[in-house]
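Subject: A structure for you to look at

Hi there,

Here is the structure I promised to pass on. Have a look at it first, and then read my notes below.

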Amino acid sequence: MMSQQPNDLIQVEALIKRPEMLSYILGQLSNRMYILDKDGTITYTVLTQQSILELVFISEPMSLFAYIHPDNQSVVKESLVELLTTNDKVSFECQWAVNDEEWSWIEAIIIPVKEADSSVYKYFLSIRSISEIKEREEQLSRLAYQDPLTEMPNRRAFEMYLQQAIANAKRYNQLMALFYMDIDDFKRINDQYGHETGDLLLKTFASRVKRCIREIDMLARLGGDEFVILLPRIDSVINAQRVAERIIASIQEGWKIGEHVLEATISMGVTVYPRDGDDAIRLLQNVDKALYQVKNNGRNGISFYNQNYIQASDSLGLELESQTTEFIKGR
């Protein structure tokens, strides 16, 4: 909608050419600049040429929010509340509409354009592209939190997510499961077939396991052939058992890695929050013990830290449901 006709052009030009505004605008020459009405409608484009200002009226004025990605509008609204409250400069980052299907990250600065009595008449908007900066930040984040081989989260990302998952489980009184697993005899596979084949096995393994878990679950590579899975919300211990069995079944399908057909198995330890630990240190210590128990029993299997949960794969059913019910009541 069009909130103002261009008959206020002379008044707006006079206000932005006041020394304090003009000095600020000349410092923004490399940015795109606009004038906003008090209702947030973008009405003018500010052009500069050889330090001469020119206002160009926008024939079809649109709201500022028409240019802002839906995911970022709440952040922008918070900044505008601050602007209206303080009548002072605010800045924010958001995705800006380049066209109907393309968005670009920008940094925006909005300052009031005031009349002689200090009342706000319009707002001056300056935006600059920060897409390259955002891309570099994403690259650094990937380097910091992503395993370069499998493209799964790394140890640092897992440790952060584990703390967050524990906090949520405590807050909402939920069960959570942690799996710790590695590929049996991975060193032998590396030695026999070469590191390139070993790397391909790790990538294929990660991809196959990822398909066995939900979107909200995390698969992370700690290093070497060591992986962890975090199920942040489960209804019962049976859920964790079923996921573990599904992973084991997918591993038993065999592996075609390049020219080689491999037989690779895994060992897996499982802990359940909060019975096996109500903090990250205890959960990690106990899941390591559960994995060690599988190793002692000949590898290629699953071990829950608390064997009261699972006696054996074929003894689930009502007995395990009963244990789960008692566990929840006992909390």
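Let me start with a question: how many residues lie between β5 and β6 in their hairpin, and which residue in the turn has a positive phi? There are five residues between the two strands, and the one in question is Ser118, with a phi of about 75°. Please keep in mind throughout that this is a predicted model.

**The six-stranded sheet**

That hairpin belongs to an open sheet of six strands, ordered β3-β2-β1-β6-β5-β4 and paired in the antiparallel sense. At its edges stand β3 (52-63) and β4 (90-97); each has a single partner strand, so one side of each is left without a neighbour in the sheet. On average, neighbouring strands here are turned by 30° against each other, direction ignored.

If you would like to walk through the pairs, try β1 and β6 to begin with. Strand β1 (residues 32-36) runs antiparallel to strand β6 (residues 120-129), and five bridges link them. Leu36 is found opposite Tyr123 of β6.

Two helices pack on this sheet. Helix α3 (residues 73-86) touches β4, β5 (103-114) and β6, and its direction makes about 145° with that of β4. Helix α4 (residues 131-145) also touches β4, β5 and β6, with its direction at about 130° to that of β5.

Back in the sheet, β5 and β6 run antiparallel and are joined by nine bridges; one to look for pairs Lys114 with Val120 in β6. On the other side of the story, β4 and β5 are antiparallel too, with eight bridges, and Gln95 stands opposite Trp105 in β5. A hairpin of five residues connects β4 to β5.

**The largest pocket**

Strand β5 turns up again here. The largest pocket has a volume of about 190 Å³. Its lining consists of Arg18, Glu20, Met21, Tyr24, Asp88, Lys89, Ile111, Pro112, Val113, Lys114 and Glu115. Two elements, α2 (19-26) and β5, each give two or more residues to that lining, and β5 provides the largest share with four residues. Sorted by class, the lining has six charged, five nonpolar and no polar residues. Lys114, then, is worth finding on screen: this residue lines the pocket and is also the bridge partner of Val120.

**The five-stranded sheet and its helices**

Further along the chain you will meet another open sheet, this one of five strands in the order β8-β9-β7-β12-β13, with mixed pairing. Its edges are β8 (218-223) and β13 (301-304), each with a single partner strand, so one side of each has no neighbour in the sheet. Neighbouring strands are turned by 20° against each other on average, again ignoring direction. β8 and strand β9 (residues 226-234) run antiparallel and share five bridges, with Gly223 opposite Glu226 in β9.

Helix α7 lies across β7 (175-183), β8, β9 and β12 (266-273), at about 155° to β7. How do α6 and α7 meet? Helix α6 (residues 186-193) and helix α7 (residues 195-210) pack at about 135°, their axes 6 Å apart, and the two are therefore oblique to each other. From α6 the contact involves Phe186, Ile189, Asn190 and Tyr193, while α7 brings His195, Thr197, Gly198, Leu201 and Leu202. By class, that contact has five nonpolar, four polar and no charged residues.

Enjoy exploring!

Best wishes

Methods
Residues are numbered from 1 along each chain as its sequence is written. This is a predicted model: local features need pLDDT of at least 70, side-chain atom pairs count only at pLDDT 80 or more; totals for chains, interfaces and linings use all residues. Side-chain values use heavy atoms; hydrogens and water are left out. Two strands pair if DSSP finds at least two bridges between them. Axes are lines fitted to C-alpha atoms, for helices over the stretch in contact, and angles run from 0 to 180 degrees between N-to-C directions. Contact means heavy atoms within 4.5 Å. On a 1 Å grid over the protein atoms alone, a cavity is a set of points where a 1.4 Å probe fits but cannot get out, and a pocket is an open set with protein on both sides within 12 Å along at least five of seven lines; lining residues have an atom within 4 Å of a point. Grid points are joined across faces, edges and corners, and a volume is the space filled by probe spheres set on the points. Ala, Val, Leu, Ile, Met, Phe, Trp, Tyr, Cys and Pro count as nonpolar, Asp, Glu, Lys and Arg as charged, and the others, Gly among them, as polar. Angles under 35 degrees count as roughly parallel, over 145 as roughly antiparallel, 65 to 115 as roughly perpendicular and the rest as oblique.
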